[in-house]
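The exercises below ask the reader to work through the sheets, the pockets and two backbone details of a single model. Each task is followed by a solution that goes step by step.

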Amino acid sequence: MITSLQNSLVKQIRKLHSTKERNKQQLFLLEGTHLLEEACAVSYPLDAVCCTSQWHDTHYQLWEVICSQCYRVEIVSPEVLAAMATTVNPDGIVAIAQREAQPRQIPFTGLVLALETVQDPGNLGTMIRTAAAAGASGLWLSEDSVDLDNPKVLRASAGQWFRLNMAVSADLKTTVRQSQQAGMQVIATLPNADSTYWQVDWRKPSLILLGNEGAGLSADLAALADIQVKIPLSPGVESLNVGITAALMLYEAQRQKMLDKPKTLVNQEFSG
């Protein structure tokens with residue numbers, strides 16, 4: 001059992017709390033039972049996993065799966081586990097994994113999010129989770145956004161981080177133009193737009209542009225959009241959270257696609 005904070009693995013994992021070290025080591029940090037379950041479900045390779053003896057004794061089946069796809073496993077004291085985790089009350093397990101050598105491929109079809117300068121890891125994680133739930137094809141993120149593998153992003157995604165195609169775009173404007181050339185319609189959300197988001201024909205391949213939590217979408221990027229839409233708000237309400245905005249449009253797209261199916265098929269899907 002590892003009980004010292006001076007252990008080399010413990011030091012390495014603690015360093016991964018910072019963006020600089022994640023970039024340097026090309027590793028990221030996973031925390032909590034659910035994230036480890038999701039990583040194992042897709043056979044994501046793990047470099048090292050550390051858990052307390054109490055966690056080990058109550059999650060023995062998951063531990064066996066982890067051992068089968070992990071390079072190194074260690075039992076650590078609760079004090080060491082708490083020091084390695086970024087959460088206040090960790091549930092007993094943390095792991096580190098290699099960043100993917102190749103970016104995930106995002107098809108220029110279906111429904112895709114393109115996010116500019118999103119700073120809040122909770123917002124990004126929520127949008128990843130919602131996009132996966134709504135059947136989106138993928139998510140683009142601008143380079144000046146929060147890290148895609150920030151520990152809070154992974155936790156907020158509720159494990160869907162492993163299931164959604166995501167990539168960082170070196171130039172979001174170029175990515176938008178490529179999407180248009182491939183036949184996708186590009187939709188931007190702006191507070192002063194004339195159309196509402198439900199007036200869009202979401203059955204077409206669509207790229208949704210969403211901007212920074214405070215400043216919104218930049219003028220240059222918004223100008224590239226084929227369609228500009230707004231979310232209707234009651235008087236006195238300035239704006240919606242970007243994650244809520246994304247959810248509304250993703251599920252309006254799903255609603256339209258469901259209604260476009262034969263009624264018998266729709267009824268079968270809703271009845272389970």
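**Exercise 1. Determine how strand β5 is joined to strand β10, and place this pair within its sheet.**

Solution. Begin with the pair itself: in this predicted model, residues 111–115 form β5 and residues 206–210 form β10, and the two strands run parallel, joined by 5 bridges. One of the bridge partnerships links Leu115 to Leu210 of β10.

Next, widen the view to the sheet, which is open, has 7 strands in the order β7-β6-β5-β10-β8-β11-β9 and shows parallel pairing. At its edges stand β7 and β9 (195–196), each of which pairs on one side only.

Finally, add the helices. Helix α7, residues 121–133, packs on this sheet and touches β5, β6, β7 and β10, while its direction makes about 175° with that of β5. Helix α11 lies across β5, β8 (185–189), β10 and β11, and runs at about 165° to β10.

**Exercise 2. Describe the open sheet of 4 strands, and explain why one side of β1 and of β3 is left without a neighbour in the sheet.**

Solution. The order of the strands is β1-β4-β2-β3, and the pairing is mixed. Because β1 (27–31) and β3 (70–75) stand at the edges, each has a single partner strand, and one side of each is therefore left without a neighbour in the sheet. On average, and with direction ignored, neighbouring strands here are turned by 15° against each other.

The next step is to examine the pairing of β1, which is joined by 5 bridges to β4, residues 93–98, in an antiparallel arrangement. Within this pairing, Leu30 has Ala95 of β4 as its bridge partner. The last step concerns helix α3, residues 33–41, which lies across β1, β2 (46–51) and β4 and runs at about 120° to β1.

**Exercise 3. Characterise the largest pocket by its volume, its lining and the elements that contribute to that lining.**

Solution. Start from the volume, since the largest pocket holds about 590 Å³ of space. Its lining consists of 23 residues, of which Thr189, Pro191, Gly216, Ser239 and Leu240 are the closest to its centre. The elements that give two or more residues to this lining are β11 (227–230) and α11 (242–259). Sorted by class, the lining residues of the largest pocket comprise 11 nonpolar, 9 polar and 3 charged.

**Exercise 4. Repeat the analysis for the second largest pocket, and identify which element gives the most to its lining.**

Solution. The volume of the second largest pocket is about 430 Å³. Among the 21 residues that line this pocket, those closest to its centre are Arg99, Glu100, Leu148, Asp149 and Val168. Two or more residues come from each of β6 (138–142) and β7 (166–169), and the element that gives the most is β7, with 3 residues. The class count for this lining is 10 nonpolar, 5 polar and 6 charged residues.

**Exercise 5. Locate Thr117 and Ala158 and report the sign of phi in each, then decide whether Ala158 is buried or exposed.**

Solution. Thr117 is found in the loop between β5 and α7, and although Thr117 is not a glycine, its phi is positive, at about 55°. Ala158 lies in the loop between α8 (151–156) and β7, and its phi, near 55°, is likewise a positive value in a residue other than glycine. For the final step, the cut-off for a buried residue is under 20% relative accessible area; Ala158 has 17% relative accessibility and so counts as buried.

Terms used
Residues numbered from 1 in each chain as written. Predicted model: local features only at pLDDT ≥ 70, side-chain atom pairs only at ≥ 80, totals over all residues. Heavy atoms only, no water. 1 Å grid on protein atoms, 1.4 Å probe; cavity = no way out; pocket = protein on both sides within 12 Å on 5 of 7 lines; lining within 4 Å. Points joined across faces, edges and corners; volume = space filled by probe spheres on them. Nonpolar A, V, L, I, M, F, W, Y, C, P; charged D, E, K, R; others polar. Pairing = 2+ DSSP bridges. Contact = heavy atoms within 4.5 Å. Axes fitted to C-alpha atoms, helices over the stretch in contact; angles between N-to-C directions. Buried < 20%, exposed > 50% of the residue type's maximum accessible area, 1.4 Å probe, protein only.
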